[in-house]
Amino acid sequence: MSSKHAVIEKNIGLMIVLILVVVSFGGLAEIVPLFWQKSTTEPLATLRPYNALEMAGRDIYIREGCHVCHTQMVRPLRAETERYGAYSVASEDVWEHPFLWGSKRTGPDLARVGLRPITEQWHREHLRDPRHVVPESNMPAYPWLQRNRVDWRTMPATLRTFKDIFGVPYSDDDLNEQLEKIDGEWANATEEDALVAYLMSLGRERTEQREEPAR
């Protein structure tokens with residue numbers, strides 16, 4: 001062992017600093033190039049922004065901690081794509097703030113749940129009493145969502161923030177249309193309505209055909 005190597009190994013503080021330096025440079029080498037790759041910075045051609053009801057549902061999804069037990073990130077493995085659908089790519093999440101990829105699956109991945117043959121009524125019954133439709137489920141019930149009305153007061157600011165800060169391509173006409181719906185057909189929407197709308201949107205118009213990974 002060289003004397004310099006011995007000095008590093010015997011000085012735990014110095015070793016920690018050098019490890020952090022190496023990890024930092026490695027991270028920069030891996031992450032920085034992604035900022036210039038179209039596949040990670042440009043949205044899919046089929047990608048569409050959430051409407052106001054879906055956006056409200058997404059906020060409720062986060063508030064209730066659904067992302068803690070459900071990922072939204074299908075990995076490029078045969079077992080995953082056969083169960084959940086096309087694997088996830090960065091270009092379908094360029095407008096997600098915060099992203100909801102997750103890493104723990106107490107429940108199934110939901111990235112493509114909107115493409116599954118599940119009805120709106122099934123989602124409602126599942127949220128109210130999960131074991132009524134899935135007897136082995138350990139998911140808690142969310143019966144209050146059918147009683148609580150969506151609080152629309154912050155939604156205009158939310159939509160404008162996503163447009164002006166995050167670059168989501170809402171036109172002025174789009175925003176006006178959403179505000180009209182908030183004051184009209186969605187004025188009395190329940191939180192359950194919003195969450196179901198969000199779940200039903202996941203995967204729809206947000207994927208493109210990709211080759212499956214080899215066995």
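Start by selecting Thr190, which is buried, with a relative accessible area of 8%. Keep in mind as you go that this is a predicted model. Thr190 sits in the loop between helix 10 and helix 11. Show its surroundings, leaving out neighbours within four places in sequence, and Thr190 is in contact with Leu145, Gln146, Asn148, Arg149 and Val150.

**Next stop: two tryptophans**

Now select Trp152 and Trp186. Their rings form a stacked aromatic pair, 6.4 Å centre to centre with 20 degrees between the planes. Why does this pair tie together parts that are 34 residues apart in sequence? Trp152 belongs to the loop between helix 8 (130–133) and helix 9 (155–164), while Trp186 belongs to the loop between helix 10 (172–183) and helix 11 (191–201), so the pair joins those two places. Trp152 is buried at a relative accessible area of 10%, and Trp186 counts as buried at 10% relative accessibility.

**More rings**

The count of aromatic pairs comes to six. Another one to pick out is Tyr142 with Trp144: the ring centres lie 5.4 Å apart and the planes meet at 65 degrees, so this pair is edge-to-face. Are these two residues buried or exposed? Tyr142 is buried, with a relative accessible area of 11%, whereas Trp144 counts as partly exposed at 30%. Then select Tyr50, Tyr61 and Tyr198, which ring pairs link into a cluster.

**Into the core**

Keep Tyr61 and Tyr198 selected and add Trp152, Met155, Tyr170 and Leu195. These are the residues with the most contacts inside the largest nonpolar core, which has 40 residues. Colour helix 4 (52–63), helix 9, helix 10 and helix 11, since each of them supplies at least two residues of this core. Which helix gives the largest share? That is helix 11, with seven residues. As background, nonpolar side chains in soluble globular proteins tend to be buried together.

Zoom in on Tyr61 next. Apart from neighbours within four places in sequence, Tyr61 is in contact with Cys66, His67, His70, Gln72, Leu100, Leu110, Leu195, Tyr198 and Leu199.

**Thr71 and its partners**

Move along to Thr71, in the loop between helix 5 (66–69) and helix 6. Thr71 counts as buried, at 0% relative accessibility. Its side chain is joined to that of Asp109 by a polar contact of 2.5 Å. Label the C-alpha atoms of Thr71 and Pro108 too: they are separated by 7.3 Å, with the two positions 37 residues apart along the chain. Setting aside neighbours within four places in sequence, the contacts of Thr71 include Leu100, Trp101, Gly102 and Ser103.

**A cis peptide**

Select His97 and Pro98 and look at the bond between them. The peptide bond here is cis, with omega about -5 degrees. For comparison, most peptide bonds are trans. Pro98 is found in the loop between helix 6 (78–84) and helix 7 (120–128).

**Towards the N terminus**

Now pick helix 2, residues 12–31. Its 20 residues reach 28 Å from the first C-alpha to the last, close to the 28 Å expected at 1.5 Å a residue. At the N-terminal end of helix 2, Asn11 acts as a cap, with a side-chain oxygen 3.2 Å from the backbone nitrogen of Gly13.

**Last view: the annotated span**

Finish by selecting residues 52–203, where an unreviewed UniProt entry places the feature "domain: Cytochrome c". The end C-alpha atoms of this span lie 17 Å apart, and the span is 45% helix and 0% strand.

Definitions and conventions
Residues numbered from 1 in each chain as written. Predicted model: local features only at pLDDT ≥ 70, side-chain atom pairs only at ≥ 80, totals over all residues. Heavy atoms only, no water. UniProt positions renumbered as here; feature names shortened; annotations may be inferred. Helix = DSSP H or I, 4+ residues; strand = E, 2+ residues; numbered from the N terminus. Phe/Tyr/Trp six-rings, centres within 6.5 Å; stacked < 30°, edge-to-face > 60°. Buried < 20%, exposed > 50% of the residue type's maximum accessible area, 1.4 Å probe, protein only. Expected span 1.5 Å × (residues − 1). Polar contact = N/O pair within 3.5 Å; in protein donor to acceptor, adjacent residues only side chain to side chain. Core = buried A, V, L, I, M, F, W, Y, C linked by side-chain atoms within 4.5 Å. Contact = heavy atoms within 4.5 Å.
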